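Please open the model in a viewer and keep the selection panel at hand. The tour below moves from one selection to the next and describes what is found at each stop.

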Amino acid sequence: MSCANVMKRDRTAVINPLVTCQPMGAMYAVAGIRRGLPLVHGSQGCSTFVRYSFSRHFREPSEIAVTSLHEDAAVFGGRKNLISGIGNLASRFKPSVIGAISTCSSEIIGDDMEGFIKIAQEELKQKMGEVEAGKIKIVPISTPSFVETHFKGYDNAIKALVNNLAEDPTDSNGKINIIPGIVNPGDIREIKHILSLMGVEGIVLTDISDPFDSPLRPSVTETKPFYPKGGTAVEEISDSSNSLGTISLCGYAGSGAETLEKKYNVPAAVGPIPIGVHNTDNFIRNLKKFTDLEIPDSILDERGLLIDSMADLSSRYLFGRKVAIFGDPAISAGIARFVCELGMIPSVVCTGVENPEFVSEMETVAKESDEPVDVMIGSDLRALEVLLEEDPVELMIGHSDGRLFAKQLDIPLIRVGYPVYDRVGYHRIPIVGYNGSVNLIDRITNTVFEKYYDKEHWKLQQ
Amino acid sequence: MQNKNSNRQQDQEKENQSMFSDDLPNIEILKESKMSIKVPEIPEEIIKTLKSRKKHMCVKKDGTNSIPSCNEVSVPGMVTQRSCVYGGARVVLMPITDAIHLVHGPLGCASCTWDIRGTRSSGSELYRNGFSTDLQEKDIVFGGEKKLLETIIELNQIFEPAAIFVYATCVVGLIGDDLKSVCSEAGKITGSRVIPVQSEGFRSVNKSLGHQLACDALLEYLIGTEPPQNKGNVKRNEVKDHQDIDHSLNILGEFNVAGDFWAIKPLLKNIGVSIQAVVTGDSTVEEIAQANLAKLNLVQCQKSSRYLADAMEELYNIPQIRVNFFGVEETSTSLRAIAKFFKDPQMIETVEKIIKSETERVEESITPYRQHLSGKTVAVYVGGNKAWSLIRAFEELGMKVLLTGTQNGLPEDYQRIKETVRDGTLVVDDANAMELARLLDKYKPDLLVSGAKEKYLSLKMGVAFCDFNHDRISAFAGFKGFLNFAREVDRAVSSPVWNLSPKIKAPTKTDIFTARSIEKKPKEEVTEIVQGSE
């Protein structure tokens, strides 16, 4: 048992940021809706640079519209841009949902997005007729860029979607709502796999697994406009009020679940992300609690496979090794707990957010660790670099932005989370669930082999 | 449900038919002869789009204006391929290697843009870090000036940079922070160069303004200035002898993406010119500060740097010539122009020698690529000068440019395009994602040359793609670069992958088995795969 040593960034400047601003999280959330389009109410760069970022990580198209705010709007407000933007988007793209996402500019100008959307909806009704216009849902999502981070933006977006699209409950649909957080397509697919083993259907709020990993089949792909396969249907979001429960995988993404609980009595469970044995057990227990279903043998087998590889690998190669973990607060806390289960030491866990959920998760982890854990909040990569220069570790686990100083400090970097742009396929390989944890332990152990073992030495199992 | 599907299928077939018949321009390409390419008949309506967008597309035809409407507001609600003014400014300045590039605004503007440009450095790596003032709600209310000053002082202490460029973002313009006075105060306190860049994102719909504002910052605060006193130990470029002074030049608008400048550098050295400064690829602050000493400005990216060249001509009497190092013909022309400018008989002779030997070398290696690529068609859709500077290079590979365009061209850019492209080439301005999809669908180029945002859309439509933007990994400039270019284009177009997936429109199944014969792999293998997957 040990303690968490919480440290805040001790300078004004942010150097090599670990987080970005709110709208990015909202764009990610809306992209997971079937025929859903994010409409960013801001400057063109607000959408363009996020599109670059998504394309770099997922290696997929990413269609995000923008209202192209410019100088006039700063003076007269963005009313015209938003209303005509919605009109153009509706008539040209025929989306099912337009997520109207605010930015720093539109928030400071003080645009009344909800009011403008009502006017736009009236105009659409006149132009397209009531029925057609009714098919296009427009959801205002407030994401001021100067408050918190993209994780908050994601949370705000899911909350706005549920608030606007979930309908009054009718009969139970026997399903489970899953709010995945900002994770990879492979992770969502793994969660769906677990649900199918349990024998329960899920509503993923929202499901980017197909939109951000879609097949190249020009004959069945909608290209004019481009709509990828998959995503959560609007009807499913409407139906989320009839579900047995909502599980939010990430601590920062609880508002949607809480909304469904307060408004429609759908019980909620928020975090921790199912990485490692304890956290995944917790997830499965929640599933059992909400559905009243027995846990099938197949799931217990998968758990057994994880324990099996832990038993094999941890004591021989991993035990006692010091690790630095950085990036996404939920994923970092999950991995920190998992490395403790492997007998490793999470010496430093560093994230760009300051949210209390993360700190409390890290306190749990610290209790399970033999040595104290440095928990860096509101931090950046430079701070981590400086700390590791003084007090090096044997492994780093985090995203690609850490690659430069990892190389400089000669510490191997195991890539997880978002963004990973200097390796391929990582968005497809899950790190959640028992199976995902097996992938993670393999990835960690192989990296340890590469760095710390003489692979050529003998042919026997090392 | 089934009914719906079959309806859709019918629609699809109908569309297929129309795509393949009268709708499709009849493009006949005569191999090996650049000038006698038969002009495809382009229907009057280029593609289906909004009324207001139609005038942004035209077909180059002799005797007509052939310049699309441009530099206009993007239609709100479109998936524009454009960026913001800050984006334009950072593209120009961020390659300066030994400077800190501090973004004054909410965190996102820095987070999404640090280290995303493949400009290489032979020295400092400082420019690759992301710096932000991370404006928070209370800064929005009370102003961010104090925080900015603190940040500059702090960063100067940690890194001792040669300069700190401070970029304004949308928020700064809205809350009214006085960037200039903070920078000037910070300059006094730190004794360092602190340079404001007034690049509020929403200032224009066109990031070209950002290019211009970046050039303004260089002109006002850097070029022709002495280093700050406390940095007296900063090494200045020492000019060795008179020969060097007389033959010194700057390269403007060369950003050393993937090491392009390094491909040009030895050529220039061999012909006997010395490079004073590159603006801004692989450059240092003090090199640029002395750019006013050069005798000539070469302008590579005319889109971003024409303005700077004009200003330097006016301020420092430095004449300019436009150069283009993409392709054999363009590189040769550029080298000749440089020699001609310096009126040095020895240089003229050397240039001819180099051109002769390099051209022969390229010719030797280029044949296999040309065999693969001859007659293939290309669409170019980029942000800058590549919309015209690449055209000849493609023609040298025997390819035909069907379409070219930019996201933020100005009338003078389209004038250059008009001067460069053949009759019958489509010219488009600010095409959004859907228009781009329609253009690819209708004109079916064998290759799209564009940036990262367009890449995956293009692949999903079955159109091969070649990155000519920040993300590319090999240098394309100069004679050697042209071979890299040929290799990359060949890799993209000739990849066997395109035998496995039908391009753009799905032919019926029989088409996959018959019409699209597989050249490199045994047929059975492919049919098996198709049966397995479809």
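How many residues does the contact take from chain B and from chain A? Select both chains of this predicted model and display the interface: the contact takes 66 residues from chain B and 60 residues from chain A.

**The chain B side of the interface**

Next, restrict the selection to the side of chain B that touches chain A. Several elements of chain B supply at least two residues each, and they can be coloured in sequence order: H3, helix H4 (107–111), strand S3 (131–132), helix H5 (137–142), helix H6 (145–159), helix H7 (170–175), helix H19 (433–443) and helix H20 (452–460). Centre the view on H20(B), which gives the most to this side, with 7 residues. Colouring by residue class then divides the chain B side into 34 nonpolar, 19 polar and 13 charged residues.

**A strand pairing between the chains**

Now select strand S2 (residues 14–15) of chain A together with S3(B). The two strands pair in the antiparallel sense over 2 bridges. Within this pairing, pick A:Val14, which stands opposite B:Ser132 in S3(B).

**Two domains in chain B**

Hide chain A and colour chain B by its domain assignment, which gives domain 1 (85–231) and domain 2 (242–359). The C-alpha centres of domain 1 of chain B and domain 2 of chain B lie 28 Å apart. Their contact takes 26 residues from domain 1 of chain B and 21 residues from domain 2 of chain B.

On the side of domain 1 of chain B that touches domain 2 of chain B, select helix H3 (85–93) and helix H9 (208–221) of chain B, the elements that give two or more residues. Which of the elements gives the most to this side? H9(B) does, with 5 residues. The residues on this side of domain 1 of chain B divide into 13 nonpolar, 10 polar and 3 charged. H3 of chain B is also among the elements that supply at least two residues to the side of chain B that touches chain A.

**Chain A as a whole**

Finally, show chain A alone as a cartoon. Its secondary structure comes to 18 helices and 17 strands. The radius of gyration of chain A is 23 Å, close to the 23 Å that the globule rule gives for 462 residues, so chain A is as compact as a globular protein of that length. Along its principal axes, the C-alpha trace of chain A spans about 75 × 50 × 45 Å.

Colour chain A by burial: buried residues make up 60% of its 462 residues. For a contact map of chain A, consider contacts between residues at least 6 apart in sequence; 73% of these join residues at least 24 apart.

How values were computed
Residues numbered from 1 in each chain as written. Chains lettered and ligands numbered in written order. Predicted model: local features only at pLDDT ≥ 70, side-chain atom pairs only at ≥ 80, totals over all residues. Domains from an automatic or database assignment. Contact = placed C-beta atoms within 7 Å. Helix = DSSP H or I, 4+ residues; strand = E, 2+ residues; numbered from the N terminus. Nonpolar A, V, L, I, M, F, W, Y, C, P; charged D, E, K, R; others polar. Pairing = 2+ DSSP bridges. Rg over C-alpha atoms; globule rule 2.2 N^0.38 Å. Buried ≥ 20, exposed ≤ 12 C-beta atoms within 10 Å, placed from the backbone.
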